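Please keep the viewer open beside this text, and make each selection as it is named before reading on.

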Amino acid sequence: LRNHGYERFAEVFLGEFDTPEAIWSNAMRVHMIAHTALHVADFTSRLASNPRVFYQYIPIPRICYPHLQDELFCNIFYLRDLC
């Protein structure tokens, strides 16, 4: 997706894809959203009680996707889909 614009990114992010460039599914999107929500949960609860609270940036830990565990990724392609 590095070679495409935001429209293609949004299409893949909201869709179901199994191509050399992108392996992505609804289950993966739900997994990412859950991890992101967990990461900002403390801030979200503080924001509810004080809308002027400042967000202290903390890098999100790597999100691992079990679906991609056995995939071989090289440069910008998943190699399984090239065969």
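In which helix do E11 and R8 both lie, and how many residues apart are they? The two residues belong to helix 1 (residues 6-14), where three residues, about one turn of the helix, separate them. Bear in mind from this first stop onward that the model on screen is predicted.

**Stop one: the salt bridges**

With E11 and R8 shown as sticks, look for the salt bridge between them, in which the closest N and O atoms are 3.3 Å apart. E11 has a relative accessibility of 42% and therefore counts as partly exposed, and R8, with a relative accessible area of 23%, is partly exposed as well. The structure holds four salt bridges, and the next selection brings up others of that set.

Select R80 and D18, whose side chains meet in a salt bridge at 3.2 Å, N to O. This pair links distant parts of the chain, since R80 sits in the segment after strand 4 (77-78) and D18 in strand 1 (residues 17-18), with their positions 62 residues apart in sequence. R80 counts as partly exposed at 41% relative accessibility, and D18 counts as partly exposed at 43%. Now add E71 to the selection: E71 forms a salt bridge with R80, and here the closest N and O atoms are 2.9 Å apart. Taken together, D18, E71 and R80 are linked in a network of salt bridges.

**Stop two: a buried arginine**

Move next to R29, which is found in helix 2 (residues 26-39). R29 is buried and yet has no salt bridge, the nearest side chain of opposite charge being that of E16, 4.6 Å away. A salt bridge requires the nitrogen and the carboxyl oxygen to be within 4 Å, so the 4.6 Å to E16 does not qualify. What the side chain of R29 does reach is the backbone oxygen of F13, at 2.4 Å. If neighbours within four places in sequence are left aside, the residues in contact with R29 are F13, L14, G15 and W24.

From there, select S25, in the loop between strand 2 and helix 2. Is S25 buried or exposed? Its relative accessible area is 16%, so S25 is buried. With neighbours within four places in sequence again left aside, S25 is in contact with G15 and E16.

**Stop three: aromatic rings and the nonpolar core**

Display the aromatic side chains, among which the count comes to five aromatic pairs. For one of these, centre on W24 and Y65: the ring centres are 5.7 Å apart and the planes stand at 70°, so the pair is edge-to-face. The pair joins distant parts of the chain, with W24 in strand 2 (residues 23-24) and Y65 in the loop between helix 3 (41-49) and strand 3 (73-74), 41 residues apart. Both W24 and Y65 are buried, and together with F9 and F13 they form one aromatic cluster.

Widen the selection to V12, F17, A22, I23, W24, M28, I63, Y65, L68 and Y78, the ten residues that make up the largest nonpolar core. In soluble globular proteins, nonpolar side chains tend to be buried together. Within this group, A22 is a convenient residue to label, and, neighbours within four places in sequence aside, A22 is in contact with V12, F17 and Y78.

**Stop four: two exposed residues**

Return to helix 2 and select L38, which has its place there. L38 has a relative accessibility of 64% and so counts as exposed. To place L38 relative to another part of the chain, draw a C-alpha to C-alpha distance from L38 to I60: the two are 22 residues apart in sequence and 9.8 Å apart in space.

The last selection is N75, in the loop between strand 3 and strand 4. What is unusual to look for here is the backbone, and a general point helps: most residues other than glycine have a negative phi. The phi of N75 is near 65°, a positive value in a residue other than glycine. With 59% relative accessibility, N75 counts as exposed.

Methods. Residues are numbered from 1 along each chain as its sequence is written. This is a predicted model: local features need pLDDT of at least 70, side-chain atom pairs count only at pLDDT 80 or more; totals for chains, interfaces and linings use all residues. Side-chain values use heavy atoms; hydrogens and water are left out. Helices (H or I, at least four residues) and strands (E, at least two) are DSSP runs, numbered from the N terminus. Buried means under 20% relative accessible area, exposed over 50%, partly exposed in between (1.4 Å probe, protein chains only). Lys and Arg count as positive and Asp and Glu as negative; His and the chain ends are not counted. A polar contact is a pair of N or O atoms within 3.5 Å; within protein, one must be able to donate a hydrogen and the other to accept it, and residues adjacent in sequence count only if both atoms are side-chain atoms. Contact means heavy atoms within 4.5 Å. Rings of Phe, Tyr and Trp (its six-membered ring) pair if their centres lie within 6.5 Å; planes under 30 degrees apart count as stacked, over 60 as edge-to-face and the rest as tilted. A nonpolar core is a set of buried Ala, Val, Leu, Ile, Met, Phe, Trp, Tyr and Cys residues joined through side-chain atoms within 4.5 Å.
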